[in-house]
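Good morning, and thank you for coming. I should like to introduce a structure that is new to most of you, and I ask you to keep it in view while I speak.

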Amino acid sequence: SKAIALKECQNVTFRDITLSQCGHFAMLLTGVDHLVIENVTVDTNRVITFVTANAGKLFGVDVSEAVGKTTAEVFDNEEMDTVFAKALESGTGNVFTEETEGLTPMGAVRPLRMYTSIMSAEGKCTGALMVVEDITEIRKLEQIRTDFAANVSHEMKTPLHAISGYAELIKGGLVADEDVKP
């Protein structure tokens, strides 16, 4: 596979690129603002020709010697292979999404989301484009939302149970009329 990885770049243009003997072609892009891709041609030998250190950082792997190796050899990530295969086999411009895990610099697991779609020229599939998103913050916010909803539910149930209990006592006639205040 051929892969290009960029992180936090602006005004990036890929124009008139031919990649030989490469199979899957991937672009791992995070935080890229204004990307233009024109006239990119790829064939099928599945070897990385270019990858940035930032792509390695997302997955917690050393990419310093990645050129000439396949994405499977470098990233050893089944989900990455799966989402590439889905996109390439589809032959459509549909976006395929897969979640996986990478490693932080401290070795902790972090959630990643991969978006992949094919690239084509003149109706022919020329490779696949992958965008990888670190979704750690999204997961933290989802957990906060879940915890908040659980706490609110619990806090609302406590007074409602008391009110419901008092209502049952009144309804059951276990409370004298003079003790009930309007």
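I shall speak about a helix, then salt bridges, and then a cavity. Please bear in mind throughout that this is a predicted model.

Let me begin with helix 4, which covers residues 136-171. How far apart should the ends of its 36 residues be? At 1.5 Å a residue, the expected span is 52 Å, and the end C-alpha atoms are indeed 52 Å apart, so the two values agree. After this helix comes Gly-173, whose phi is positive, near 75°.

I turn now to the salt bridges, of which the count is seven. One of them joins the side chains of Glu-99 and Arg-139, with an N to O distance of 2.3 Å. This pair connects distant parts of the chain: Glu-99 belongs to strand 5, residues 96-103, whereas Arg-139 belongs to helix 4, and 40 residues separate the two. Are these partners buried or exposed? Glu-99 is partly exposed, its relative accessible area being 36%, and Arg-139 is likewise partly exposed, at 28%. Both residues also take part in a network of salt bridges that links Glu-99, Arg-113, Glu-133, Arg-139 and Glu-142.

A further salt bridge is formed by Asp-134 and Arg-110, whose closest N and O atoms are 3.3 Å apart. Here too, distant parts of the chain are linked: Asp-134 lies in strand 7, residues 124-134, and Arg-110 in strand 6, residues 109-121, with the two residues 24 apart. Asp-134 has a relative accessibility of 32% and counts as partly exposed. Arg-110 has 12%, and because buried means under 20%, Arg-110 counts as buried.

Within helix 4 itself, Lys-140 and Glu-137 lie three residues apart, about one turn of the helix. They form a salt bridge, with 3.6 Å between the closest N and O atoms. Lys-140 is partly exposed, with a relative accessible area of 46%.

Finally, the cavity. The structure holds one cavity of 30 Å³ or more, and the volume of the largest cavity is about 30 Å³. Which elements give two or more residues to its lining? They are strand 1 (2-7), strand 3 (25-30) and helix 1 (53-59). Ten residues line this cavity, and Ala-5, Leu-6, Leu-28, Thr-30 and Leu-58 are those nearest its centre. By class, the lining comprises six nonpolar, three polar and one charged residues.

Thank you for your attention.

Methods
Residues are numbered from 1 along each chain as its sequence is written. This is a predicted model: local features need pLDDT of at least 70, side-chain atom pairs count only at pLDDT 80 or more; totals for chains, interfaces and linings use all residues. Side-chain values use heavy atoms; hydrogens and water are left out. Helices (H or I, at least four residues) and strands (E, at least two) are DSSP runs, numbered from the N terminus. The expected span of a helix is 1.5 Å times one less than its number of residues. On a 1 Å grid over the protein atoms alone, a cavity is a set of points where a 1.4 Å probe fits but cannot get out, and a pocket is an open set with protein on both sides within 12 Å along at least five of seven lines; lining residues have an atom within 4 Å of a point. Grid points are joined across faces, edges and corners, and a volume is the space filled by probe spheres set on the points. Ala, Val, Leu, Ile, Met, Phe, Trp, Tyr, Cys and Pro count as nonpolar, Asp, Glu, Lys and Arg as charged, and the others, Gly among them, as polar. A salt bridge is a side-chain nitrogen of Lys or Arg within 4 Å of a carboxyl oxygen of Asp or Glu. Buried means under 20% relative accessible area, exposed over 50%, partly exposed in between (1.4 Å probe, protein chains only).
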